[in-house]
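Subject: Handing over a structure, with notes

Dear colleague,

I am passing on the structure that we spoke about, and I would be grateful if you could look it over before reading my notes. The sequence and the coordinates come first, and the notes come after them.

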Amino acid sequence: MKNKNPETEQESLYKDLDQMSVKELLTNINTEDKKVPQIIDEQIPKIEKLVKAIVKKMQLGGRLFYIGAGTSGRIGILDASECPPTFGVPHDMIIGIIAGGDTAIRKAVENAEDDTEQAWKDLAKFEISSLDFIIGIAASGNTPYVLGALKKAKEHNIKTGSISCISNGLIAQEADYPIELIVGPEFLTGSTRMKAGTAQKLTLNMISTSVMIKLGKVKGNKMVDMQLSNEKLVKRGIKMIMEELGIEYDLAEELLQKHKSVRAVLLAQSKNQEN
């Protein structure tokens, strides 16, 4: 049964925001934000199970899909889009989908989140299968677009997770691995782009980073598969090579130019040592 008084819609703990000074606004917003990590900490056992399930699927060649509407959809797309440059994975390995399509990334699309059928149509474009994994993201816990996706996924034997910010939301009831981040009322009543959005972003960072590490995309604490797409990242790659191999800048730069990635340099040097 749908929650009649979701935590995300509760009255703010603060009154007369429009009468506060700038310092008071900033201090009070920050006070609320500080509550988020503790809420996430309480959910780590469930997040751990979710990550392990995702890794298992992706080790078999599956993909990870994030699906959401509004702020939740945008946060999913943000996390997905940062994985290829950070970990050197293909752009179709972690995919973010938002109700209303790409237009909705920048501009709200009217009634898009209320369509229970469109989500599966959007997923079907990617020829989704039981090898893949879906995480539905909805602060309200009841977004029809997301709920429709999870229900269809179950019919097609596709494993799912959910990230919501209310107790006993419909998407949590539908998901195999539900995560409920009950951050409480927002500083600005109902504005889930605040604490709820922060909680979702932090949790997705944890999930994607942990998954990538377990898939071997990190060596030690270094992003050895990152894409060298600008001067800053090239210099970071050179520094990694210097530290790993104990060599000077010029040689590290030469090796990186030759092999095109930090991992390739380290593998080449390891083979040379074996020979």
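What follows goes through the sheet, then the helices that pack on it or on one another, and then two single residues.

Please keep in mind throughout that this is a predicted model.

The sheet is a good place to begin. It is an open sheet of five strands, arranged in the order E2-E1-E3-E4-E5 and paired in parallel fashion. Its edges are formed by E2 and by strand E5 (177–180), each of which pairs on one side only. If direction is ignored, neighbouring strands of this sheet are turned against each other by 15° on average. As general background, strands of a sheet pair through backbone hydrogen bonds, either parallel or antiparallel.

Strand E1 (residues 64–68) pairs with E2 in the parallel sense over five bridges, and within that pairing Leu 64 has Ile 94 of E2 as its bridge partner. E1 is also joined by five bridges to strand E3 (residues 133–138), again running parallel, and here Gly 68 stands opposite Ile 137 of E3. Although E2 is an edge strand, four of the five residues in E2 (residues 94–98) are buried, so this strand is largely enclosed by the rest of the structure.

Two helices that lie across the sheet deserve a look. Helix H3 (residues 44–59) lies across E1, E2, E3, strand E4 (159–164) and E5, and runs at about 140° to E5. Helix H4, for its part, lies across E1, E2 and E3, running at about 155° to E2.

H4 (residues 70–87) also packs against helix H9 (residues 195–214), at an angle of about 30° and with the two axes 10 Å apart. Because angles under 35 degrees count as roughly parallel, H4 is roughly parallel to H9. The crossing in which H4 passes H9 is right-handed. Among the residues that make this contact are Ile 75, Leu 78 and Phe 87 on the H4 side, together with Leu 204, Asn 205 and Met 212 on the H9 side. Sorted by class, the contact of H4 with H9 has six nonpolar, seven polar and three charged residues.

A second helix pair is formed by H10 and helix H11 (residues 249–259), whose axes come within 9 Å and cross at roughly 115°. That angle makes H10 roughly perpendicular to H11, and the crossing of these two helices is right-handed. On the H10 side the residues include Val 234, Ile 238 and Leu 245, which belong to a group that meets residues of H11, including Tyr 249, Ala 252 and Leu 256. By class, the contact of H10 with H11 has nine nonpolar, one polar and two charged residues.

Finally, I looked at two single residues. Asn 28 is placed in helix H1 (residues 22–33) and counts as buried, at 17% relative accessibility. Leaving aside neighbours within four places in sequence, Asn 28 is in contact with Tyr 14, Met 20 and Phe 187. Glu 243 has its place in helix H10 (residues 231–245) and is partly exposed, with a relative accessible area of 46%. The C-alpha atoms of Glu 243 and Cys 165 are separated by 42 Å, and the two residues are 78 residues apart along the chain.

With kind regards

Terms used:
Residues are numbered from 1 along each chain as its sequence is written. This is a predicted model: local features need pLDDT of at least 70, side-chain atom pairs count only at pLDDT 80 or more; totals for chains, interfaces and linings use all residues. Side-chain values use heavy atoms; hydrogens and water are left out. Axes are lines fitted to C-alpha atoms, for helices over the stretch in contact, and angles run from 0 to 180 degrees between N-to-C directions. Angles under 35 degrees count as roughly parallel, over 145 as roughly antiparallel, 65 to 115 as roughly perpendicular and the rest as oblique. A crossing is left-handed if the near helix is turned anticlockwise from the far one by less than a right angle, and right-handed if clockwise. Contact means heavy atoms within 4.5 Å. Ala, Val, Leu, Ile, Met, Phe, Trp, Tyr, Cys and Pro count as nonpolar, Asp, Glu, Lys and Arg as charged, and the others, Gly among them, as polar. Buried means under 20% relative accessible area, exposed over 50%, partly exposed in between (1.4 Å probe, protein chains only). Two strands pair if DSSP finds at least two bridges between them.
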